[in-house]
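Visitor: I would like a close look at one part of this model, and then a walk outward from there. Could you take your time over it?

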Amino acid sequence: MKNKRYRNILIIGLVVAFTGLGAVLATGTHPRLGLDLEGGISVILTAEGQEVQPDVLQETVNLIRARIDALGVAEPEVSVAGSKNILIQLPGLKDTDQALKIIGTTAQLTFRQVIEQIPAQTTGKDKPKVTKEKGDAANDQEVIYPSGQVGEEGILYRLEPARLTGEVVTKAEAVVDPQSGRWSVSIKMDKDGSREWAKFTSELACLRDKGDQLKSQVAIVLDGKVESAAGMAEANGADQGVVCGTGITGGDTQINVGGEQEAKDLALVLKTGALPITLVQSEVNKVSPTLGRDSLDTGLLAGAVGLAIVMLYVLLYYRTLGLVIWLGFAQFTAFLYTALAVLGQTAGLSLTLAGVAGIIVSIGIAADSFIVAFERLKDEVRSGKSLRSAVERGSARAIKTILVADFVTGAAAVILFFLAVGPVRGFALTLGLSTAIDILLAYILIRPAMVLLGRTKYLHGAAVGIETPANPEPGVA
């Protein structure tokens, strides 16, 4: 009866392990590779100024993640790091410069009335200082911003407080004029924004009718630069213009920009929303795909060499029992690969070079469990017990020793994971995962396999490198 139970446990364990492996291989599921293995970019963005509220920092993370998703970057990692830092890792990225430009762009969009245009030739005391504040901090005040338009280098604009902000934008799309070939960003506003936009442009149209061409201009400001400063078209013009008292209804307008890529990038950041804080790049690390591939190949080679040496040694030393260790390594690999692949797709777990090191160390942990069990078996035989009795008693005691050893290793992995940062956490994660699998194998492979072999003719002293005593313990042979 006991044989049947152990046989069922052994068979079920093997079926689960290799069925799971077959499923992930058949579906093309594979472990996610981290930045140091696949190549890409890692950047730390730091908020300017004083400490940032946690909810504001988290909102910024969500907006940046939305921008990265729109770029089509696979498996990005965006997380809060400390009280004012955001860590971004983008594996497999090709155009790193474009990504850096987009993910950190504040995209504080405002619509303001022009008060004065200050020529580029203005110098000395007559030239005012440019306003340093941007975004929410400057929305309620009069500002002086430089022009960001082509051909207007050096020109400054004195502007009224913001009448509308980018929060009213519900849709942004890069469009091209089929006749001129010029790119612009077409935006659509929400209901409140449309109402305020119609009122604002109506007032400007009335100023135009009174002959004040300068103050009838609306400045579209993006991150402290005037991207457009256009007046209201005459109501009797070919395009019917803007009527005093009516304004531009519907909440539609356009921002003229330079080229196609600039228009698409601006539309992207406007669609995902303005970042609530200003960020600066405090650290940028680029890893080439070639270097990442070399690191992966080197890590896998080191693991393969270490595994081959261990497998050869256990076969020579333990003989028949060495085959049990081979089976254990195969089952251990199946469980570990399946777990890494599934967690990579469902929980975002990325395998780093440090994680590969953790897996290599876990080979030794798995081998140690078998060695503990088999050495306990030898000790029982040397004490005078028959091989069959030694298997029963030795496997039970070995399980306790394995659990204690794995508990120590697992506790160290947990402490490392929660207290360490960066690559050390990847090492701790794979080490902890491997330790959990090792505990599972102790119950579903090591003990069942030893007990079943001990009750067959295949397990005898010479076959496992044990010198069986001449007079074994009576009554248990």
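Visitor: Let us start in the sheet: which residue in E4 is the bridge partner of Ser-42?

Guide: Happy to! The bridge partner of Ser-42 in E4 is Gln-89. Before going on, a word on what we are looking at: this is a predicted model, in which local features need pLDDT of at least 70 and side-chain atom pairs count only at pLDDT 80 or more, while totals for chains, interfaces and linings use all residues. Residues are numbered from 1 along each chain as its sequence is written, and side-chain values use heavy atoms, with hydrogens and water left out.

Now to the strand itself. E2 covers residues 40-47, and 7 of its 8 residues are buried, so the strand is largely enclosed by the rest of the structure. (Buried means under 20% relative accessible area, exposed over 50%, and partly exposed in between, with a 1.4 Å probe and protein chains only. Helices, H or I with at least four residues, and strands, E with at least two, are DSSP runs numbered from the N terminus.)

E2 has a partner on each of two pairings. With E4 (residues 85-91) it runs antiparallel, joined by 7 bridges; besides the pair you asked about, Leu-45 has Ile-86 as its bridge partner in E4. With E14 (residues 279-287) the pairing is again antiparallel, over 8 bridges, and here Ile-41 has Lys-286 as its bridge partner. Two strands are taken to pair if DSSP finds at least two bridges between them. As a reminder, strands of a sheet pair through backbone hydrogen bonds, either parallel or antiparallel.

Stepping back, these strands belong to an open sheet of 4 strands in the order E3-E4-E2-E14, with antiparallel pairing. E3 (77-81) and E14 stand at the edges with a single partner strand each, so one side of each is left without a neighbour in the sheet. Direction ignored, neighbouring strands of this sheet are turned by 15° against each other on average.

From the sheet we can turn to the helices. H1 (residues 2-26) packs on H8 (residues 320-346) at an angle of about 45°, with the axes 9 Å apart. Axes here are lines fitted to C-alpha atoms, for helices over the stretch in contact, and angles run from 0 to 180 degrees between N-to-C directions. The two helices are therefore oblique to each other, given that angles under 35 degrees count as roughly parallel, over 145 as roughly antiparallel, 65 to 115 as roughly perpendicular and the rest as oblique. H1 passes H8 in a left-handed crossing; a crossing is left-handed if the near helix is turned anticlockwise from the far one by less than a right angle, and right-handed if clockwise. Among the residues that meet (contact means heavy atoms within 4.5 Å) are Gly-13, Ala-17, Phe-18 and Leu-21 in H1, with Leu-327, Gln-331, Phe-335 and Tyr-337 among those in H8. The residues of this contact divide into 14 nonpolar, 4 polar and no charged. (Ala, Val, Leu, Ile, Met, Phe, Trp, Tyr, Cys and Pro count as nonpolar, Asp, Glu, Lys and Arg as charged, and the others, Gly among them, as polar.)

H8 also packs against H11 (residues 423-454), at an angle of about 145° and with axes 9 Å apart. This crossing is right-handed. Contributors from H8 include Leu-327, Gln-331 and Phe-335, and those from H11 include Ser-434, Asp-438 and Leu-441. The contact of H8 with H11 holds 17 nonpolar, 4 polar and 1 charged residues.

H11 also carries Phe-427, which is partly exposed with a relative accessible area of 23%. Not counting residues up to four places away in sequence, Phe-427 touches Ala-354, Gly-355, Ala-357, Gly-358, Val-361 and Leu-416. Its C-alpha lies 8.0 Å from that of Ile-359, 68 residues apart in sequence.

Finally, the wider setting. The chain has 12 helices and 15 strands, and buried residues make up 43% of its 477 residues. Of the contacts with a separation of 6 or more, 76% come from residues 24 or more positions apart.
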